[in-house]
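Welcome! Have a look at the sequence and the model below, and then let us walk through them together.

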Amino acid sequence: MRKLVFASVLGNALEWYDFFLYGTAAALVFGPLFFPVGGDPMQGTLLAFSGFAVGFLARPLGGIVFGHLGDRYSRKMTLIMTLTLMGATTFVIGLLPVYAQIGIWAPISLITLRFLQGVASGGEWGGGVLMLSENAPASRRGFFTAWSQMGVSGGFVLSAFAFYLVQKLPEDELMSWGWRVPFLLSIVIFLVGVYIRKNIRESKAFTQAKPEEKHEKIPLMVLVREHPKALLQAIALRLPENGASYIFFTFSVVYAKHIGIGTGEIISAVTLAMLVEFFSILFWGALSDRIGLKPVYYIGVIGLLVMAFPFFWLLSTGDYGWIMLAMLLGLPFCHGAMIGTQPCIMSDLFPVRVRYSGLALGHEVGSIFSGGLGPMLAVALLMHFDASWPVSLLLMAYALLAWIALRSLPSTNNNEVSK
């Protein structure tokens with residue numbers, strides 16, 4: 001388990017480092033570099049976030065393709081493929097010419113590569129989760145599967161720290177070459193990640209499954225035909241976790257700039273909060289082993305309902321202490337409780353023969369309506385209303401849908417997993 005945990009945490013951190021880079025770059029530099037339209041810089045930022053949404057629209061495709069491969073052939077092989085695709089596309093983004101050099105082909109190329117990033121990430125999460133949930137001791141599944149989610153936080157911290165450093169460059173150097181450095185570093189990520197994943201073992205539950213259980217000709221068809229309710233539940237559970245995370249650490253950068261808060265200040269607050277969440281995820285996972293999955297997920301969902309408005313009120317003060325408090329309540333507490341228990345609660349929804357497909361598709365379809373459209377919709381609402389309250393209502397809507405899904409789930413503990 002120690003070897004699997006190490007491979008899962010580091011592999012996921014490296015994979016999500018790549019994916020999160022686009023979100024930070026979209027908020028800071030991609031607008032003027034790739035989408036220089038009109039006189040309002042917010043319009044360019046909105047178009048840059050449309051590329052962010054494209055990545056999320058592609059993720060269900062990745063979930064279908066890599067879920068099929070993972071359910072039919074190999075969890076391990078599939079994870080190596082997703083990492084290779086992600087590393088290659090991210091490296092090429094760092095080499096792209098900008099709009100001033102090649103015109104319309106610059107944003108077209110960027111959006112195409114972002115689409116391929118989305119395909120890769122769509123197959124990543126489900127496989128990384130299964131390598132832990134299908135091998136962990138029954139009494140500690142919450143704790144061990146939470147480690148996979150630490151990789152997500154770790155990836156964000158790495159990407160935010162990289163942009164925090166290059167953002168300190170003079171403006172002309174940042175816009176000419178500095179923004180490329182974090183993307184080009186993905187070549188190191190690719191080499192390290194592939195080496196790690198080549199040296200882990202296949203999932204125990206997958207190898208022990210009966211041949212007819214792990215060789216469905218089309219796992220997706222079995223999933224949709226036999227487990228539609230579970231798929232909808234997974235989608236709904238994903239909404240507040242993913243929507244809140246991207247609004248808290250991506251849209252908040254745009255909102256801070258809009259109200260006159262320094263970019264470096266807000267990025268440092270988000271990064272510190274994500275560092276705290278890196279460890280709080282383990283706490284929430286371990287707590288779910290003691291009190292159950294649903295109670296812990298309820299804590300995150302209800303916390304988000306309570307924090308939806310105060311989060312932006314605290315940011316609007318402009319005081320770093322209050323900004324830090326908003327990030328700590330939003331990320332390690334509300335978001336941490338959901339993401340820390342999400343692997344187990346979603347794994348238990350599906351049998352082993354379609355588990356990779358179910359996890360990947362439910363997780364990624366939910367991400368379209370939350371992480372994909374959420375930041376772009378939040379920017380549009382800010383432009384139209386010049387206020388944060390519509391974004392707060394959006395967060396509450398996500399939380400209410402997850403609350404309904406939780407109500408429909410049976411009471412479970414982490415000692416049982418669907419067979």
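Let us begin with the cysteines. Counting a disulfide as a pair of cysteine sulfur atoms within 2.5 Å, the model has 0 disulfides. Two of the cysteines can be placed by their accessibility. Buried here means under 20% relative accessible area, exposed means over 50%, and partly exposed is in between, with a 1.4 Å probe and protein chains only. Cys334 is buried at 0% relative accessibility, and Cys344 is buried too, with a relative accessible area of 1%.

A word on the source: this is a predicted model, in which local features need pLDDT of at least 70 and side-chain atom pairs count only at pLDDT 80 or more, while totals for chains, interfaces and linings use all residues. Residues are numbered from 1 along each chain as its sequence is written, and side-chain values use heavy atoms, with hydrogens and water left out.

**The whole chain**

The chain holds 19 helices and 0 strands; both are DSSP runs numbered from the N terminus, helices being H or I over at least four residues and strands E over at least two. The radius of gyration is 20 Å, close to the 22 Å that the globule rule gives for 419 residues, so the chain is as compact as a globular protein of that length. That radius is taken over C-alpha atoms, and the globule rule is 2.2 Å times the number of residues to the power 0.38. Along the principal axes, the C-alpha atoms fill a box of roughly 60 × 45 × 35 Å.

Of the 419 residues, 63% are buried. Contact means heavy atoms within 4.5 Å. Among contacts between residues at least 6 apart in sequence, 87% join residues at least 24 apart.

**One side of a helix**

Which residues of helix H8 (residues 171-178) are buried? They are Leu174, Met175 and Gly178. These residues cover an arc of only 130° around the axis, which puts them on the same side of H8; the arc is that of the directions from the helix axis to the C-beta atoms. As background, an α-helix has 3.6 residues a turn, so residues three or four places apart point the same way. The buried residues of H8 pack against helix H2 (30-34), helix H7 (141-166) and helix H9 (180-184).

**Two residues of helix H14**

Helix H14 (residues 228-258) contains Glu241, which is buried at 2% relative accessibility. The side chain of Glu241 makes a polar contact with that of Arg238, at 2.6 Å. A polar contact is a pair of N or O atoms within 3.5 Å; within protein, one must be able to donate a hydrogen and the other to accept it, and residues adjacent in sequence count only if both atoms are side-chain atoms. Setting aside neighbours within four places in sequence, Glu241 touches Tyr297, His335, Met338, Ile339 and Gln342.

Gly243 also belongs to H14, and Gly243 is buried, with a relative accessible area of 0%. Leaving out its neighbours within four places in sequence, Gly243 is in contact with Arg238, Ser370, Gly371, Leu395 and Tyr398. From Gly243 to Trp105 there are 138 residues in sequence and 30 Å in space, C-alpha to C-alpha.

**Salt bridges**

The structure holds 6 salt bridges, each a side-chain nitrogen of Lys or Arg within 4 Å of a carboxyl oxygen of Asp or Glu. The table lists some of them.

| Residues | N to O distance |
|---|---|
| Glu134 and Arg355 | 3.0 Å |
| Arg225 and Glu226 | 3.6 Å |
| Glu226 and Arg353 | 2.4 Å |

The bridge between Glu226 and Arg353 links distant parts of the chain: Glu226 is in helix H13 (residues 219-226), and Arg353 is in the loop between helix H17 (320-347) and H18, 127 residues apart. Arg225, Glu226 and Arg353 are linked in a network of salt bridges. Within that network, Arg225 is exposed, with a relative accessible area of 56%, and Glu226 is partly exposed at 38%.

What about Glu134 and Arg355, buried or exposed? Both are buried.

**A loop residue with positive phi**

Most residues other than glycine have a negative phi, and most peptide bonds are trans. Asp386 has a phi near 50°, a positive value in a residue other than glycine. Asp386 sits in the loop between H18 and helix H19 (389-408), and Asp386 is exposed, with a relative accessible area of 55%.
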